[in-house]
Amino acid sequence: MIARVADHCFWLGRYIERTESTARVLQATETLALDAELPPRRCWHPVVIVSGQEADCVDRFGSDALGNAEVVQRYLALDEENPVSMRRSVIAARENARSIREVISLDVWQVMNELHVFLCSEEAVATYEIDRDALYARVQRSTQLILGLLRSTMLHDAPLDFVWLGVLLERVSQTARLLDVQYHALLAEGAPHPVLETALWLSLLRACSGFEAFMKRNRGKATGPAVAAFLVLEPRFPRSVRYCVTSARERLASICDDGGFPTKVALTRTLALETMLGTLRAEELRGARVHEILTHVVNETHAACEGVRSELFDSLPATGGAQFQSQ
């Protein structure tokens, strides 16, 4: 397997997962803004923070834009200049898919193209203006279909391992940052009304596609510690930090064993993070300790991604040179 293919597979997975996550967060936040009596900035500022584009958003639109639902949604959904908007993420995913057309199946390629054409068309703009909930739902269905087709139509060998490694590491980062920002906001506000607090935690669960799974696992009040423990430690929920870190470690181990790579820094760091999560108790996920743990998770995930780039991609034979994407 050449470096160019491995690189594009990895980033294809990351961009698809990023697109799906952004659509879910926007949809859940729009519902929260309509149902909860919250100041607009309390709803939309955290969404921009999670995206990692707060400074760019403020530079372009001013600080007041962080509380403007219209500006934030258009910025994260259809903005051509925002590198993490849904539109830009799909463009990047499609370009990576095009570069490895010989690896992915025709079914994946067709759905990828359909989503790309839609999001770059006037139809997407019209849907956004008329019914943006429908836009977010369509993007989620398309990205989920792509992820399902990748698993069901590709050979389960090295290319799929790299695709799914990208998906899992992106998912760890998204879940950790969403929980961290929400928990920090609630700590800063003090104790809100119990009904409002419950609404905020349920909105977070919906943003992580964890509402139904949480209710089946925890038949009680959606409290901060319970939600944090579920999203971080639940080994059976496919978007929890622990599940994704374990699965990413398994993918890395498979890649390293099959390729016989001499250095395994990325695998070592992922294994250390998995071990830490395995010894973490639910009782520890309270107060300021949550931020400390989640910051460590995000930093180690970033380090693992850098390790994948420097170790695995640079160790593989290159053909025509590989171009690495750093977003």
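Let's start with one residue in this predicted model: cysteine 305 counts as buried, since its relative accessibility is 9%. Does cysteine 305 have a bonding partner, and which cysteine sulfur is nearest? Cysteine 305 is in no disulfide, and the nearest cysteine sulfur, that of cysteine 244, is 12 Å away.

Cysteine 256 is a similar story. Its relative accessibility is 3%, so cysteine 256 counts as buried. The closest cysteine sulfur to that of cysteine 256 sits 14 Å away in cysteine 305, which is too far for a bond. A disulfide needs two cysteine sulfur atoms within 2.5 Å. In fact, the structure has zero disulfides.

## The whole chain

Now zoom out. How many helices and strands does the chain have? There are 14 helices and zero strands. Reading along the sequence, you meet the pattern α-α-α-α-α-α-α-α-α-α-α-α-α-α. The radius of gyration is 19 Å, close to the 20 Å that the globule rule gives for 327 residues, so the chain is as compact as a globular protein of that length. Measured out along the principal axes, the C-alpha atoms fill a box of roughly 55 × 50 × 35 Å.Of the 327 residues, 55% count as buried. The chain exposes about 14100 Å², and carbon and sulfur atoms supply 53% of that area.

What about residues that meet across the sequence? Take contacts between residues at least 6 apart in sequence: 67% of them join residues at least 24 apart. As for charge, the chain has 35 positive and 42 negative charges, and their mean positions are 4 Å apart.

## Along helix H1

Helix H1 covers residues 3-35, and glutamate 20 is found there. Alanine 3 and threonine 29 lie in H1 too. Here is how their accessibility looks, with three residues from elsewhere in the chain.

| Residue | Relative accessibility | Label |
|---|---|---|
| Alanine 3 | 1% | buried |
| Glutamate 20 | 0% | buried |
| Threonine 29 | 8% | buried |
| Serine 209 | 35% | partly exposed |
| Phenylalanine 237 | 6% | buried |
| Cysteine 256 | 3% | buried |

Is glutamate 20 buried or exposed? Glutamate 20 is buried, because its relative accessible area is 0% and buried means under 20%. Setting aside residues up to four places away in sequence, glutamate 20 touches Gln140, Thr143, Gln144 and Arg239. You can also compare its position with that of valine 90: these two are 70 residues apart along the chain, with 9.7 Å between their C-alpha atoms.

Which residues does threonine 29 touch? Again leaving out residues up to four places away in sequence, threonine 29 touches Cys43, Trp44 and Val47. Threonine 29 is buried as well, with a relative accessible area of 8%.

Then there's alanine 3. Alanine 3 and leucine 312 are 309 residues apart in sequence, yet their C-alpha atoms are 8.1 Å apart in space.

While we're on helices, here's a handy bit of background. An α-helix has 3.6 residues a turn, so residues three or four places apart point the same way.

## Helix H11 and the loop after it

How many residues of helix H11 are buried? H11 runs over residues 224-233, and ten of its ten residues are buried, so the helix is largely enclosed by the rest of the structure. Those buried residues are Gly224, Pro225, Ala226, Val227, Ala228, Ala229, Phe230, Leu231, Val232 and Leu233.

Keep going along the chain and you come to phenylalanine 237, in the loop between H11 and helix H12 (241-259). With a relative accessible area of 6%, phenylalanine 237 is buried. What is phenylalanine 237 in contact with? Leaving aside neighbours within four places in sequence, its contacts are Cys208, Ser209, Gly210, Ala213, Phe230, Leu231 and Tyr243. Two of those names, Phe230 and Leu231, also turn up among the buried residues of H11. Leucine 179 is 58 residues from phenylalanine 237 in sequence, and the two C-alpha atoms are 15 Å apart in space.

## A look at serine 209

One of the contacts of phenylalanine 237 is Ser209, so let's end there. Where is serine 209? Serine 209 is found in the loop between helix H9 (194-207) and helix H10 (211-217). Serine 209 has a positive phi of about 55°, although it is not a glycine. At 35% relative accessibility, serine 209 counts as partly exposed, whereas phenylalanine 237 is buried.

Conventions. Residues numbered from 1 in each chain as written. Predicted model: local features only at pLDDT ≥ 70, side-chain atom pairs only at ≥ 80, totals over all residues. Heavy atoms only, no water. Helix = DSSP H or I, 4+ residues; strand = E, 2+ residues; numbered from the N terminus. Rg over C-alpha atoms; globule rule 2.2 N^0.38 Å. Buried < 20%, exposed > 50% of the residue type's maximum accessible area, 1.4 Å probe, protein only. Contact = heavy atoms within 4.5 Å. Areas by Shrake-Rupley, 256 points an atom, 1.4 Å probe, with all protein chains shown as cover. Lys, Arg positive; Asp, Glu negative; His and termini not counted. Charge placed at Lys NZ, Arg CZ, Asp CG, Glu CD.
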